[in-house]
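Got your viewer open and your selection box ready? Load the model below and follow along, one selection at a time.

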Amino acid sequence: MTYPANTPTPIDPVKLDKLAEVAIKVGLQLQKGQDLVMTAPIAAMPLVRDIAKHAYKAGAGLVTTFYSDEETTLARYAYAPDESFDRASDWLYEGMAKAFGGGAARLAISGDNPMMLSAQDPSKVARANKANSIAYKPALEKITNFDINWNIVSYPNPAWAQLVFPNDPEPIAVEKLANAIFAASRVDLDDPVAAWKAHNANLARRSAWLNGERFASLHFTGPGTDLVVGLADGHLWCGGASEAKNGIICNPNIPTEEVFTTPHALRVEGYVSSTKPLSHQGTLIDNIQVRFEGGRIVEAKASRGEEVLNKVLDTDEGARRLGEVALVPHSSPISASGILFYNTLFDENASCHNALGQCYSGCFVDDTSLTPEQIRAQGGNSSLIHIDWMIGSGQVDIDGVRADGSRVPVMRQGEWA
């Protein structure tokens, strides 16, 4: 983004630098000598530069960044031959997987235009997404298996800002979105690192209570929702800071307000309605309504983006099953802001949510000793995708159901009971 000469940037450079510091010190806890692989939209270069500075201050071995560009992406849809949409950069993801296998950390900066592909052929979008998912799997498994320390933060590019604040001129919209990102990420506070320590402790207390209860399932009820989500055998609730298999304690998502675990892929029954739109790969999917039988989505509708939704569900067998269930109070700071971010990293932290697809293998007791076959046997789902979508609100109640059928209130009207 560029502004006229002598015009101050609408993004507070001090808070942006604090966000970069939090990404390295809280999000990744980057170690001396550790390499960092970063991906970012090209508009986020100011944040990339700040992150690189803090990474090298922390002793990073090498910081490597891969940039995406909206105009380049759209050029493919305008001019590429049809067969292009069944291809992806396998070599790039194989290289990332090799880097992660060698101990590199992963940091993603989100901030692409959520509506970037909304006017493109849904079939081409779906084919390109599927090809990318297949190519990305070797690297994605290192992340979902929590082999490495990884983190996601966000940057307010203009197209995203104007979607969130459509009635404001671009500089004002960017400033508002930047400030919302800073507040949600706790970098508007005097000591963000200390604030994250206290927040992580609170999330750890919630996780400990749920782990002590050992519920067999969760029962969600609310408008358009009557859903029983069975929990995987030996499931483990996590939230906030967690220890990766490389021994590094990190915060994968900044911001985060959730505690989450692995559902049983075969034990989900009933129906559920989304409570916020899902922005997926440049397409907005709204008013999702799905019905589960035997853990599998057998019916799916949406008022907008339904064709893309159903193509996502057809990615592979695991795409119609759940890989994550997460609890977030309706009064979370992101929900209380009243802002619809059109970005899953934020919107999922305003609402309880599920994720279609791949489970997190770290959400099992004794996860480091479990093989992929054992994880599947205990109910963990496998898929090329992992897509969060929001199902919580101030009208949703949740009960924990024990193996003997007894019930314990977990949430009432969207708040911890």
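## Stop 1: the nonpolar cores

Start with Leu-36, Leu-47, Ile-51, Leu-107, Ile-109 and Val-153: among the 50 residues of the largest nonpolar core, these touch the most other members. Next, colour the elements that supply two or more residues to this core: helix H1 (13-28), strand E1 (36-41), helix H2 (45-57), strand E3 (105-110), helix H6 (158-164), helix H7 (170-184) and helix H11 (344-347). Keep in mind that you are looking at a predicted model.

Now centre on Ile-51. Leaving aside residues up to four places away in sequence, which residues does Ile-51 touch? Show Ala-20, Ala-23 and Ile-24, then Leu-36 and Met-38, then Leu-107, Ile-109 and Val-153, and you have the set.

Before moving on, select Leu-210, Ile-297, Val-312 and Ile-398. They are included in a second core, separate from this one, with 40 residues.

## Stop 2: strand E1 and its neighbours

Go back to E1 and show its side chains. Six of its six residues are buried. Turn the strand over and you'll find cover on both faces, with Leu-36, Met-38 and Ala-40 buried on one side and Val-37, Thr-39 and Pro-41 buried on the other.

Next, bring in the strands that pair with E1. E3 runs parallel to E1, joined to it by four bridges, while strand E2 (residues 63-68) also pairs with E1 in the parallel sense, over six bridges. Met-38 is a handy place to zoom in: its bridge partner in E3 is Leu-107, and its bridge partner in E2 is Thr-65. Then trace the backbone from E1 through H2 to E2, a β-α-β crossover that is right-handed.

## Stop 3: helix H2

While you're on that crossover, stay with H2. Put a distance marker between its end C-alpha atoms and you should get 18 Å, which agrees with the 18 Å that 13 residues should span at 1.5 Å a residue.

Which residues of H2 are buried? Select Leu-47, Val-48, Asp-50, Ile-51, Ala-52, His-54 and Ala-55; note that Asp-50 and His-54 are on that list along with the others. An α-helix has 3.6 residues a turn, so residues three or four places apart point the same way. The buried residues of H2 pack against H1, E1, E2, E3 and E4. Just past the helix, pick Gly-59, where phi is positive at about 100 degrees.

## Stop 4: helix H7

Now jump to H7, another contributor to the largest core. From first C-alpha to last, its 15 residues reach 21 Å, close to the 21 Å expected at 1.5 Å a residue. Highlight its buried residues: Ala-173, Val-174, Leu-177, Ala-178, Ala-180, Ile-181, Phe-182 and Ala-184. What do they pack against? Show H1, strand E4 (150-154), H6, helix H10 (333-336) and H11. Just after H7, stop at Arg-186, which takes a positive phi of about 65 degrees.

## Stop 5: His-386

Select His-386, in strand E18 (residues 386-390). Is this residue buried or exposed? His-386 has 19% relative accessibility, and the cut-off for buried is under 20%, so it counts as buried.

Turn on polar contacts around the side chain. One, at 3.0 Å, links His-386 to the side chain of Glu-324; another, at 3.5 Å, links His-386 to the side chain of Tyr-360. To see the surroundings, add Ala-355, Leu-356 and Gln-358, which His-386 touches along with Glu-324 and Tyr-360, not counting residues up to four places away in sequence.

## Stop 6: backbone oddments in the loops

Finish with a few loops. In the one between strand E9 (249-250) and strand E10 (259-261), find Pro-255. The peptide bond leading into it from Ile-254 is cis, with omega near 10 degrees.

Next is Asn-287, in the loop between strand E13 (283-285) and strand E14 (289-293). Asn-287 is not a glycine, yet its phi is positive at about 55 degrees. At 41% relative accessibility, Asn-287 counts as partly exposed.

Last pick: Gln-413, in the loop between strand E20 (407-412) and strand E21 (415-416). Gln-413 is also a residue other than glycine with a positive phi, near 50 degrees. With a relative accessible area of 59%, Gln-413 is exposed.

Notes. Residues are numbered from 1 along each chain as its sequence is written. This is a predicted model: local features need pLDDT of at least 70, side-chain atom pairs count only at pLDDT 80 or more; totals for chains, interfaces and linings use all residues. Side-chain values use heavy atoms; hydrogens and water are left out. A nonpolar core is a set of buried Ala, Val, Leu, Ile, Met, Phe, Trp, Tyr and Cys residues joined through side-chain atoms within 4.5 Å. Buried means under 20% relative accessible area, exposed over 50%, partly exposed in between (1.4 Å probe, protein chains only). Contact means heavy atoms within 4.5 Å. A polar contact is a pair of N or O atoms within 3.5 Å; within protein, one must be able to donate a hydrogen and the other to accept it, and residues adjacent in sequence count only if both atoms are side-chain atoms. The expected span of a helix is 1.5 Å times one less than its number of residues. Two strands pair if DSSP finds at least two bridges between them. A crossover is right-handed if, with the strands pointing away from the viewer, the path from the first strand over the helix to the second runs clockwise.
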